[in-house]
Amino acid sequence: MWLHQQHDVRNEELLAELLASKVPHAAVAAATVKHFWHDVDQTGAGGFVAEPEQEFVKFDPPARLAGADRKAYEMGAEIYQREAHCMTCHQAHGKGMGIIYPSLVGSPWVLGSEERLTKSVLHGLWGPMTVNGQAYDPARGVPPMTAFRALLNDEETAAVLTFVRNTWGNNAAAVTAESVANVRQETASRSTFWNPDELLAAHPLEPDLVAASASHAPEIKTNTALEKELLASDPVVLARVARARGNVARGKKLFYDARSTCYTCHDPLGGAARIGPHLPDLKTTLADAEVVESILQPSKRIDPEYAQVTVVTTEGRQFTGIKATDNNREVVLSNPAQSEPIRIARTEIEEIIDSPVSLMPANLVQLLKDRREFNDLLRYVLETRGSMGVTQQTD
Ligand code: HEC
Ligand code: HEC
């Protein structure tokens, strides 16, 4: 059986037979194999750099919260732990994960301006930012933070904010449903993420909180060894191995796990702005090895529909985004971190420069735990990409 295991082949019949064996030695060995195949294989699949925390954690409200605030805290603790809400990314300990999910512990974004915090959670965030002295940058793999405006009502939003402001040693005033309702109304026209700088221009970080946050600097771990190994391998071989050994169900779980970041751009929750193509709908044909490259080196081949350009105007101003419209009157750029499309008249354009960098971050595979997770994820992507496509390449 271990020989089968080494070749990633399972003989369930043989396992059942040995489990029922009267020979104690054989039954014990079989139980170990069973554990390996079923428990370790299945539940261990979500183990990115940090281990998954799927247990529901009981948080006790601090004594300073009374009455309605206490109730809100308890509701907030439950919302925080809902699937794909906060905990999947920021974790039960609140300290976030690796170079992609910032910490909520001691963060000025959490403890400071209530309006800035409410705006962040209603509409999501995407752009470079520094939290507790650590830089988070989409160019280095940071995915967008989910917009919760369609997922949580005012009372629920207030509850989860009250929770994060009063857990893990955080201590800041509770947030009320009325104040969330006001912010929601003020920002009702918004349909995309905030660029953090845009929010900071309106609500600068509080200097005393920034000074105090330095003591909460996170410990960062990433799997650069796996990335190195994959980049040094022949993509044709990587694809062949994934097709043979990867597990589609586990791969799908990884794709939709906040810890891999994939769904946040390719199939986001709650109808949020989609930054990357919906993989099943793709109609172009790519060889397996090209799909591998689009994950390992996204900038090598950029889907023209998602390519960024920089427009330089005759006045020397620059705008970056995806070309939504391009005709002889104007160019319209859309940018996921900007609420309004940017319209630039043709007569004002000096030059349009194609960006050599994909919106899809490089080095996401650093977030995977091991080669098996890569095989699973790749197999899922290979089988999903174009699966709804109608046109097939004929030659
Ligand atoms: C899909 C993963 C994801 C989920 C789910 C998520 N966040 Fe975030 N969050 C992020 C990322 C990524 C950033 C940094 C975004 C950037 O750099 O632009 C962030 C930033 C933040 C920040 C500002 C920085 C900091 O660490 O203080 C706050 C506050 C925050 N999130 C709170 C929440 C709350 C509350 C929830 C649940 C209601 C939540 N997040 C759900 C990924 C997530
Ligand atoms: C920050 C947003 C973002 C994240 C996160 C992201 N992608 Fe992408 N992805 C894109 C964009 C934008 C494109 C299209 C541009 C391009 O081709 O480079 C793309 C393209 C792709 C393609 C090529 C599509 C084609 O034409 O075949 C694949 C495959 C892919 N992504 C897989 C993944 C996987 C797997 C993950 C998770 C490990 C992931 N992506 C995470 C934004 C993202």
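1. Let's start with ligand 1: 33 residues surround it, and C86, C89, P102, S107 and M145 come nearest (near means a C-beta atom, placed from the backbone, within 6 Å). Please keep in mind that this is a predicted model, where local features need pLDDT of at least 70, side-chain atom pairs count only at pLDDT 80 or more, and totals for chains, interfaces and linings use all residues. Residues are numbered from 1 along each chain as its sequence is written, while chains are lettered from A and ligands numbered from 1 in the order in which they are written.

2. What kinds of residue make up this shell? There are 24 nonpolar, 9 polar and no charged residues around ligand 1. Here Ala, Val, Leu, Ile, Met, Phe, Trp, Tyr, Cys and Pro count as nonpolar, Asp, Glu, Lys and Arg as charged, and the others, including Gly, as polar.

3. Next, look at the largest nonpolar core, which has 61 residues; V160 and L378 touch the most other members. Such a core joins buried Ala, Val, Leu, Ile, Met, Phe, Trp, Tyr and Cys residues through C-beta atoms within 7 Å, and buried means 20 or more other C-beta atoms within 10 Å of a residue's own.

4. Now find the hairpin of β3 and β4, which has 4 residues between the strands; in its turn, G316 has a positive phi of about 85°. Strands are DSSP runs (E, at least two residues), numbered from the N terminus.

5. Finally, follow V311: its bridge partner in β4 is F319, and in β7 its bridge partner is I352. β3 and β7 pair in the antiparallel sense over 5 bridges (pairing takes at least two DSSP bridges).

Notes: Buried ≥ 20, exposed ≤ 12 C-beta atoms within 10 Å, placed from the backbone.
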